[in-house]
Amino acid sequence: MTGVAILGSTGSIGTQALDVIRSHRSEYEVVALAAGRNAELLAAQAAEFGVDPRWARTTGDDPEALAELAAHPDADVVLNAVVGFAGLPVTITALEQGKRLALANKESLIAGGAVVNEVRRKGGGEIVPVDSEHSAVYQCLRSGTAGEVLRVLLTASGGPFRGKTRAELALVQVEDALKHPTWDMGAKITIDSSTLMNKGLEVIEAHELFGVDYDRIEVVVHPQSVIHSMVEFVDGATIAQLSMPDMRLPIGLALGAPGRLHQPFGAIDWTTLSSLTFETPDLGAFPCLALAYEAGRAGGGAPATLSAANEVAVEAFLARRIPWLAIAEVNGEVLAKGVGNVSTVADVLEADRVARVHARAIVDRMAEAA
Ligand code: MG
């Protein structure tokens with residue numbers, strides 16, 4: 001029996017993880033649950049999966065409560081599905097304790113980068129990505145050795161605004177940005193998909209997870225979201241992972257790794273799949289992707305700064321305080337203020353705090369001017 005802690009259990013990833021476990025009750029036992037706010041759904045989940053009420057809590061973003069739940073002695077796998085930077089204590093605790101971290105919260109790895117990898121080395125924990133692209137890369141990498149990898153190709157759906165000009169993007173409303181063409185996800189990541197910041201953060205995530213240089217990570221727009229990413233090897237062979245867009249597949253892989261669960265999610269019906277198409281991303285219309293490469297290459301506190309600025313900007317956009325185009329402007333302006341170095345968890349927290357202060361001031365200025 002594998003013990004699983006699901007932190008962020010009432011969100012999109014959390015509910016889909018419980019759906020996977022529902023069909024594998026004899027192999028997996030849910031031992032801890034954390035919800036941000038939804039106490040009613042949390043109580044129903046705890047009752048259904050037999051979780052001790054002391055280990056099923058609404059934590060909000062409380063770092064101590066999240067760390068405590070991640071440290072459950074019977075949790076072999078910790079699924080970090082907390083939204084945003086608030087997921088950092090879960091990532092750190094799970095790895096410190098040598099557990100398997102099923103990582104859906106990319107922000108903690110992006111902001112923590114070197115610090116998280118150091119904790120992973122010392123604690124002996126393992127990260128299995130839940131992000132669909134990184135799950136695909138994780139699978140493709142089994143086809144060769146690290147020295148044989150030439151390029152990692154992350155696919156992007158392009159989001160709801162693919163093909164739009166800057167003039168058209170100036171008119172975008174919150175409702176438009178929340179309509180993702182292929183994936184059904186939470187609000188933060190859906191907005192990040194519309195700006196391509198999600199893909200940019202995934203570039204940094206791929207660098208941290210797999211140790212591949214930024215020059216070897218490329219983004220390919222693939223609107224059907226059937227190829228979830230690819231790895232090109234030195235002999236010219238490209239290995240791709242294909243499935244219909246269904247997060248239960250990467251969640252199941254993270255639970256069962258290195259094995260696969262006997263439950264098909266996202267299996268392809270080839271009689272209905274007519275074409276797979278590819279484009280290069282438009283960096284002029286979607287500058288967030290270029291900003292992420294810039295922050296990743298700069299290293300130090302830059303990824304933490306960009307990710308924090310982006311959380312503030314996305315919140316402000318969702319609250320209708322700034323227009324969609326301003327999200328990239330806030331991010332660029334905060335990043336340009338310069339960043340410090342990051343070698344401890346305290347440094348990561350400080351980089352995040354300073355970036356939020358800068359971002360809020362810029363948002364206030366923009367909102368007043370509008
Ligand atoms: Mg993804």
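**Close-up views of salt bridges and a pocket**

**View A. The salt bridge between K199 and E133.** K199 is buried, with a relative accessible area of 6%, and its partner E133 is likewise buried, at 8%, because both values fall under the 20% limit for that class. In this predicted model, the two side chains meet in a salt bridge with an N to O distance of 2.6 Å. The pair links distant parts of the chain, since K199 belongs to helix α10 (residues 197-210) and E133 to helix α6 (residues 132-140), with their positions 66 residues apart in numbering.

**View B. A salt-bridge network that includes D19 and R22.** Salt bridges with shared partners join D19, R22, E48, D246 and R248 into one network. Within helix α1 (residues 12-22), D19 and R22 stand three residues apart, about one turn of the helix, and their closest N and O atoms are 3.4 Å apart. D19 is partly exposed at 26% relative accessibility, and R22 is also partly exposed, at 39%.

**View C. The salt bridge between R54 and D52.** The side chains of R54 and D52 form a salt bridge at 2.7 Å, N to O. R54 is exposed, with a relative accessible area of 61%, whereas D52 counts as partly exposed at 30%. The structure as a whole holds 25 salt bridges.

**View D. The second largest pocket.** This pocket, with a volume of about 220 Å³, is lined by 14 residues, of which L249, L261, Q263, P264 and F265 lie nearest its centre. Helix α11 (residues 248-256) supplies the largest share of the lining, four residues, and the lining as a whole comprises eight nonpolar, four polar and two charged residues.

Technical notes:
Residues numbered from 1 in each chain as written. Predicted model: local features only at pLDDT ≥ 70, side-chain atom pairs only at ≥ 80, totals over all residues. Heavy atoms only, no water. 1 Å grid on protein atoms, 1.4 Å probe; cavity = no way out; pocket = protein on both sides within 12 Å on 5 of 7 lines; lining within 4 Å. Points joined across faces, edges and corners; volume = space filled by probe spheres on them. Helix = DSSP H or I, 4+ residues; strand = E, 2+ residues; numbered from the N terminus. Nonpolar A, V, L, I, M, F, W, Y, C, P; charged D, E, K, R; others polar. Salt bridge = Lys/Arg side-chain N within 4 Å of Asp/Glu carboxyl O. Buried < 20%, exposed > 50% of the residue type's maximum accessible area, 1.4 Å probe, protein only.
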